Amino acid sequence: MSKLINKVVFVINSIAAFALLLSYLLPYISPKTFPLLSVLSLTVPIFIIINLIFLMYWVILFNKKGILSLVVLILGISHVSSLYKLSGRSSDETENGISLLSYNVHSFNRFDWIDSDSIPQNISKFVRKQDVDIFCAQEYYNNPDINFGQYPYKYENFNNDNGELALVVFSKFPIVNKGSLQFKKTANNIIFSDIEIKKDTIRVYNVHLQSHKISSNTDELAKEDSQLLLQRMQSSFEKQQEQIEILINHMKTSPYENIVMGDFNNSAYSYVYNKVKSEGLQDTFKEAGRGFGKTFEFDPFPIRIDFILVSEAFEVLTFENFDLELSDHYPIVTRIKL
């Protein structure tokens, strides 16, 4: 009986291993070519976890069938390290470094998504405590209870229909040039700021790629029409591709080292992430992070859709993500050496 069970388990294991192996190709497949495959990129963490479970199952039984999942996981070690990092990096070096914070503040709980009246004050308190040099905010709303007065320099750009939500770059250093990529027919956008730090200048892009407009609550998600949901996600992935193509073309004209940070609305296994990162950038979580690096609240599994990508000319000293229930996103902070 046990042999029959193990045969069935191995068949399921083989399907999961093949699915994970196939997912390694997803970052190289254009959403405009195969939009459905782009949607599957969101399921990669599930297949990684399933294969780890199968591996442990066979190890416990001292069965060599575990080699299948082991080999597939090793082949995709970069994917695995995007999901979970065993150890981080710490550094006391601050003299030649700058700190960066990215946070989708979800309009400071404007519509009471969270049962609290003190979200704007608590986010302000968190940002003051971190005391970073450059802070990029997405879904920023001019709430009277926020206070980011520690930053003498600011660039904000409102790109949605009613002019209420913005992308904002706050800086302790002078912003000598700024601009918007000004996406059409969407509230999403990318802005940039050229920031002068002592004798150097860097370019910081604050990114909010096309939103899927789906709930992070699985119960609510299950109530949606699956066909319409799939169509909406495919459309948003195609728009994301258009947006990062605009970003990459703009980055190529930059006279400075680039930093790209913000809400990608997509995972580290996606085409858009891979295309941006391949422009000579490194993922600060993969360089110095620890744990799952979760940046978005999604019920079934930890998901990382917010990133701080920096030029390979920088050394990543530290990275930290914070499990704060102040938005549907979690803030991320890194320190890099100029």
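Q: What makes up the lining of the second largest cavity: how many nonpolar, polar and charged residues does it have?
A: The lining has 7 nonpolar, 4 polar and no charged residues. Keep in mind that this is a predicted model. The lining residues are L26, I29, P31, L37, S38, S41, F237, N266, S270, Y271 and V272. Helices α2 (35–40) and α10 (271–277) are the elements that give two or more residues to this lining. To sort them yourself, remember that Asp, Glu, Lys and Arg count as charged. None of those four appears in the list, so the charged class stays empty.

Q: Why is the second largest cavity called a cavity, and how much space lies in it?
A: About 60 Å³ of space lies in it. A cavity is a set of points where a 1.4 Å probe fits but cannot get out, so the name says that the probe is shut in.

Q: How many cavities of 30 Å³ or more does a search of the whole structure find?
A: The search finds 2. The largest cavity holds about 100 Å³ of space, and the second largest cavity about 60 Å³, so both volumes clear the 30 Å³ mark.

Q: How do you know which residue in the lining of the largest cavity is charged?
A: Go through the list: L42, P45, S82, L83, S267, A268, Y269, F292, P302, I303 and R304. Arg counts as charged, so R304 is the one you want. The full split is 8 nonpolar, 2 polar and 1 charged.

Q: What makes the second largest pocket a pocket, and how much space lies in it?
A: About 320 Å³ of space lies there. A pocket is an open set of points with protein on both sides, so the word "open" is what sets the name apart from a cavity. Of the 15 lining residues, R89, T318, F319, E320 and V333 are the closest to the pocket's centre. Strands β11 (315–321) and β12 (332–337) each give two or more residues to the lining, and β11 gives the most, with 4. By class, this lining divides into 4 nonpolar, 7 polar and 4 charged residues.

Q: Why are α1 and α4 called roughly parallel or roughly antiparallel?
A: Helix α1 (residues 2–23) and helix α4 (residues 67–75) pack at an angle of about 10°, with axes 10 Å apart. Angles under 35 degrees count as roughly parallel, and therefore α1 and α4 are roughly parallel to each other. On the α1 side, F10, N13, S14, A17, L20 and L21 make the contact, and on the α4 side L68, S69, V72, L73 and L75 do. These contact residues split into 8 nonpolar, 3 polar and no charged.

Q: How do you know whether the aromatic pair of F108 and F148 is stacked, tilted or edge-to-face?
A: There are 17 aromatic pairs by the distance rule. F108 and F148 sit 6.3 Å centre to centre, with 40° between the planes. Centres within 6.5 Å make a pair, and 40° is neither under 30 nor over 60 degrees, so this one is tilted.

Q: What parts does the pair of F108 and F148 tie together?
A: F108 lies in helix α6 (residues 106–109), and F148 lies in the loop between β2 (134–141) and β3 (153–158), so the pair ties together parts that are 40 residues apart in sequence.

Key
Residues numbered from 1 in each chain as written. Predicted model: local features only at pLDDT ≥ 70, side-chain atom pairs only at ≥ 80, totals over all residues. Heavy atoms only, no water. Axes fitted to C-alpha atoms, helices over the stretch in contact; angles between N-to-C directions. Parallel < 35°, antiparallel > 145°, perpendicular 65-115°, else oblique. Contact = heavy atoms within 4.5 Å. 1 Å grid on protein atoms, 1.4 Å probe; cavity = no way out; pocket = protein on both sides within 12 Å on 5 of 7 lines; lining within 4 Å. Phe/Tyr/Trp six-rings, centres within 6.5 Å; stacked < 30°, edge-to-face > 60°.
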